[in-house]
Amino acid sequence: MPLHEPTAGSEWWRSGIIYQIYPRSFADHGGDGMGDLKGITNRLPKLKELGIDAVWLSPFYTSPQKDAGYDVSDYRDVDPLFGDLNDFDQMLERAHELGLRVMIDLVPNHSSDQHEWFQSALNSKPGSKERSYYHFKDGKGENGELPPNNWQSMFGGPAWTRVEDGQWYCHLFDSSQPDLNWENQVVRDEFEDILRFWLDRGVDGFRVDQPHAMAKAQGLPDHPYVAEAGAGFIEGRESPPMWFQDSVHEIFRSWRNILDSYPGDRAMCGEAYVLPLSFMALWVRPDEFHQTFNFRFLDAGWDQEKLISAINESFEAFDSVGAPSTWVLNNHDVIRHASRFGGDYGRATASDGIGPNNPQPDSLLGITLARASTLFMLGLPGASYLYQGEELGLPEHTTLEPEFRQDPTFFRTNGERVGRDGCRVPLPWEANGPSLGFGPTAASWLPQPAGYLELARDLQEKDDSSTLNLYKRALEIRKELKLGEGSFDWVSTGELLSYQNQNVIVVHNFGKDCALPAGRLVLSSDSEQGDLLRSNQTLWLEI
Ligand code: GLC
């Protein structure tokens, strides 16, 4: 019996390719250097051509943009930076005309400090109803001058900020992102209503931000091993009081009920950073999330042993509850794979970014492994997530000067961790356009590195061996051969790491150049294919 057999059900989210649009950097229609919804609408046909099934949009809601929109001040409106609700509706309509589904980001763990709830909380007394929507607490120490507990922010520094009357509020991220109190029924009702607001408009689903942070342990006790784990957790140890609390599951169930009450296959994907995967399986039980991101796979880097165990554990865990596994190599929080695989950037540094003072990646190795790892991933059964620009083989902007940095991580660590701006740079669409076709003017909210010119999409469209055409062919063949719905079994786990899905063998060479394995060559990650299977190369072979 293969390690994984096709899962029951044929809903699109079980095998779909979901493309992440980062609205600020996708396409700028207005010419102010900031991507917008009209820009997305105009460029959607290009995504259709690419061969994806759905898009996921990072937040476009009203926001002071302290964390690039993951600080929402109005969950039911569009930030004027990106357009308005009418632009959203037009974008959605166009996507649906093209046969593309649209998932949007839901950010329930925290709001912006400019959200009217938080503003009223600040203007209300300790112990008031208004404060109960967030986690306000008295401090420790003689005069309450110490934070209520030892929790740390994911972006560096303490997870608590003190307000004028002496109380403290909790923020697992930036101080501009106060954590909501999910014990409070009003908070729950509000989010159910927000879900309905967008489902009524016609969205196909949600990517849920930081769902594992929403429920906190009663009384907000200290993180027992903060010295070793910082803001995070250590796999295999007991969950710290701010991560993976059991009480969160009933919230997901209530959301699932809402989604299920709408026609069509609406889906929710949790950005659940939950390990081990056997634990994550609880999150994708049939009445909870449809999918979760598979960070185990992303974190494996391009390490043979880690990849094998990530894949084994994924199938074991997700199959145990009948959920599809998802696969992902890139997003707006980690170093782009064309750079990450060109150097020694492990999990610890993936979201810390690469700056001008860090060791620079080997770009040839990076792009070789980026193409190879993508082919390896796209042959796997299940759903896959792509992040805008990876289809162009874009590298990270690794020499971005400090004055351009916007990620709160940079500021909260005094530049020690440069943060995630380097993977968020506006896309190059046309080699000859101002801002490389990102918009009608030269404006670009982050400067594009010189190397983006030769990677412009219009040049790649004309070049048969381009990364763009590799992605297109892979997606086309994947669909044709139904690889997304297929099965999985290892063929060999030596230096030639290979698996079979349907009648395709996917093989990656971790060793030296060697003879081509048997089978009809369908696709090769190298731009030119000779008579050898080269080191660091991936092939798809039909048998
Ligand atoms: C998620 C987002 C990230 C954001 C954080 C806080 O991890 O992907 O960009 O900074 O949540 O909302």
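Two exercises on a predicted model follow, one on the ligand site and one on a pocket.

Residues are numbered from 1 along each chain as its sequence is written. In this predicted model local features need pLDDT of at least 70, side-chain atom pairs count only at pLDDT 80 or more, totals for chains, interfaces and linings use all residues, and side-chain values use heavy atoms, with hydrogens and water left out.

**Exercise 1.** Describe the surroundings of the ligand.

Solution.
1. Collect the shell, where near means a heavy atom within 4 Å. There are 14 residues around the ligand, and D67, D209, Q210, E271 and D333 come nearest.
2. List polar contacts (pairs of N or O atoms within 3.5 Å). A ligand oxygen lies 2.8 Å from a side-chain N or O atom of D209; the corresponding value is 2.9 Å for H110 and 3.0 Å for R420.
3. Compute cover by the Shrake-Rupley method with a 1.4 Å probe. Alone, the ligand has 310 Å² of accessible area, of which the protein covers 97%.
4. Place the ligand. It lies between domain 1 (14-109 + 204-211 + 294-474) and domain 2 (110-179), because both give residues to its shell; the domain bounds come from an automatic or database assignment.

**Exercise 2.** Which domains and helix contribute to the lining of the second largest pocket?

Solution.
1. Take the lining, meaning residues with an atom within 4 Å of a pocket point. The second largest pocket has 22 such residues, with L364, I367, T368, R371 and S527 nearest its centre.
2. Assign domains. Domain 1 and domain 3 (488-542) each supply at least three lining residues.
3. Assign helices (DSSP runs of H or I, at least four residues). α13 gives the most, with 5 residues.

Technical notes:
A polar contact is a pair of N or O atoms within 3.5 Å; within protein, one must be able to donate a hydrogen and the other to accept it, and residues adjacent in sequence count only if both atoms are side-chain atoms. On a 1 Å grid over the protein atoms alone, a cavity is a set of points where a 1.4 Å probe fits but cannot get out, and a pocket is an open set with protein on both sides within 12 Å along at least five of seven lines; lining residues have an atom within 4 Å of a point. Helices (H or I, at least four residues) and strands (E, at least two) are DSSP runs, numbered from the N terminus.
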